[in-house]
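Trainee: I have a model open and want to test the labels on it. Can we take them one by one, each against its definition?

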Amino acid sequence: MNQRYRAVCIGAEASPQIFEELQDNKSLKSYNIAMHDHVGTVELNLSTDILSSSIFDANTHAVHGTTEVPCMDLESFADHAGVEKIDMLKIDIEGAEIPMLAACSDDFLQQIPQITIEFHDFCGITPASQVEDCIARMKTLGFDVIRFSRVGHQDTLLVNRTLVSVSKVEFLYAKYIYRNIKGALRVLRKFTKGDKWAEDYS
């Protein structure tokens with residue numbers, strides 16, 4: 001994002017280990033903070049899979065310990081990081097996306113043009129009904145939804161078309177044609193490359 005669009009990229013990372021590695025990335029201003037629904041602290045379950053540590057117990061990977069980390073709701077984090085305007089919000093926070101979004105005011109969310117989010121209904125962390133309720137709320141706020149994953153909502157794009165100049169035809173093309181083309185290419189890449197399918201994938 002930084003290289004392609006010269007974007008100012010700001011991130012919140014709960015895992016102290018990943019946060020330490022992020023310090024080498026000069027294009028990203030990162031904070032060792034867990035995103036949640038309040039300002040305070042939270043206990044983070046450290047997973048054997050470095051990318052799967054979560055504040056929730058339900059996880060597909062073994063937990064080998066816990067650590068206490070500071071946490072913030074999204075609006076407080078934006079103030080803390082000096083963010084006046086969010087052009088694109090990317091959320092992958094191992095189940096905390098539901099309480100985090102629930103704590104956001106309608107006015108705050110309606111100022112964001114697009115959100116890409118990994119919901120965790122596909123792995124047992126988040127009940128499907130909670131994801132459906134969250135998506136229903138986002139639709140009432142003016143967001144159109146494209147689900148790119150075949151199972152659950154692990155790859156979901158929310159587009160606020162009142163802020164993004166995308167026509168209905170373009171949106172329908174993305175939702176029903178582009179989505180399926182990308183999905184077919186991803187399946188083919190997995191079949192031909194095996195575990196290395198995600199390398200340099202875009």
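Trainee: What is the bridge partner of phenylalanine 143 in β9?

Mentor: Asparagine 160 is the bridge partner of phenylalanine 143 in β9. Remember that this is a predicted model.

Trainee: How do you know that β8 and β9 pair?

Mentor: Two strands pair if DSSP finds at least two bridges between them. β8 and β9 are joined by 5 bridges. So they meet the definition of a pair. The two strands run antiparallel.

Trainee: Which sheet do they belong to, and in what order do its strands lie?

Mentor: The order is β6-β7-β9-β8, in an open sheet of 4 strands with mixed pairing. From one strand to the next, the twist averages 15°.

Trainee: What makes β6 and β8 edge strands?

Mentor: Each has a single partner strand, so one side of each has no neighbour in the sheet. β8 covers residues 143-147.

Trainee: What makes the pairing mixed in this sheet?

Mentor: Look at β7. With β6 (residues 88-91) it pairs in the parallel sense, over 4 bridges. With β9 (residues 156-160) it runs antiparallel, again joined by 4 bridges. Glutamine 114 in β7 is a good place to look. Methionine 88 stands opposite glutamine 114. Valine 159 in β9 also stands opposite glutamine 114.

Trainee: Which side chains of β7 point to the buried face?

Mentor: Ile115 and Ile117 point to one face and are buried. Gln114 and Thr116 point to the other face and are not buried. The side chains alternate along the strand, residues 114-117.

Trainee: Which helix lies across β7, β8 and β9?

Mentor: Helix α6, residues 128-140. It runs at about 140° to β8.

Trainee: Now the other sheet. What is the strand order in the sheet of 3 strands?

Mentor: β3-β5-β4, an open sheet with mixed pairing. Its edge strands are β3 (34-35) and β4 (40-47), each pairing on one side only.

Trainee: How do you know that β3 counts as paired with β5?

Mentor: The cut-off is at least two bridges. β3 and β5 (residues 63-72) have 2 bridges, in the parallel sense. So the pair qualifies. Alanine 34 has cysteine 71 as its bridge partner in β5.

Trainee: Which helix lies across β3 and β5?

Mentor: α3, running at about 70° to β5. Its residues are 74-81, and the buried ones are Leu74, Phe77, Ala78 and Ala81.

Trainee: Why say that the buried residues of α3 line one face?

Mentor: Seen down the axis of α3, they fall within an arc of 100°, so they line one face of the helix.

Trainee: What caps the N-terminal end of α3?

Mentor: Aspartate 73 does. One of its side-chain oxygens lies 3.3 Å from the backbone nitrogen of glutamate 75. A polar contact needs the atoms within 3.5 Å. After the helix comes glycine 82, with a positive phi near 70°.

Trainee: Why is glutamate 94 called buried?

Mentor: Buried means under 20% relative accessible area. Glutamate 94 has 10%, so it counts as buried. It sits in the loop between β6 and α4 (97-102). Its phi is positive, near 50°, in a residue other than glycine.

Trainee: Why is arginine 6 called exposed?

Mentor: Exposed means over 50%. Arginine 6 is at 77% relative accessibility, so it is exposed. It lies in the loop between α1 and β1. Its phi is also a positive value in a residue other than glycine, near 55°.

Trainee: Why is cysteine 9 partly exposed?

Mentor: Its relative accessibility is 22%. That falls between the 20% and 50% limits, so the label is partly exposed. Cysteine 9 is in strand β1 (residues 9-12). Among the residues it touches are Met1, Ser27 and Leu28.

Trainee: Last point. Where is confidence lowest, and where highest?

Mentor: Lowest in helix α1 (residues 2-5), at a mean of 84. Highest in helix α5 (residues 106-109), at 98. The mean pLDDT of the protein is 89, and 94% of its residues reach 70 or more.

Technical notes: Residues numbered from 1 in each chain as written. Predicted model: local features only at pLDDT ≥ 70, side-chain atom pairs only at ≥ 80, totals over all residues. Heavy atoms only, no water. Buried < 20%, exposed > 50% of the residue type's maximum accessible area, 1.4 Å probe, protein only. Arc of directions from axis to C-beta. Polar contact = N/O pair within 3.5 Å; in protein donor to acceptor, adjacent residues only side chain to side chain. pLDDT = per-residue confidence, 0-100. Contact = heavy atoms within 4.5 Å. Axes fitted to C-alpha atoms, helices over the stretch in contact; angles between N-to-C directions. Lists of a residue's contacts leave out its neighbours within four places in sequence.
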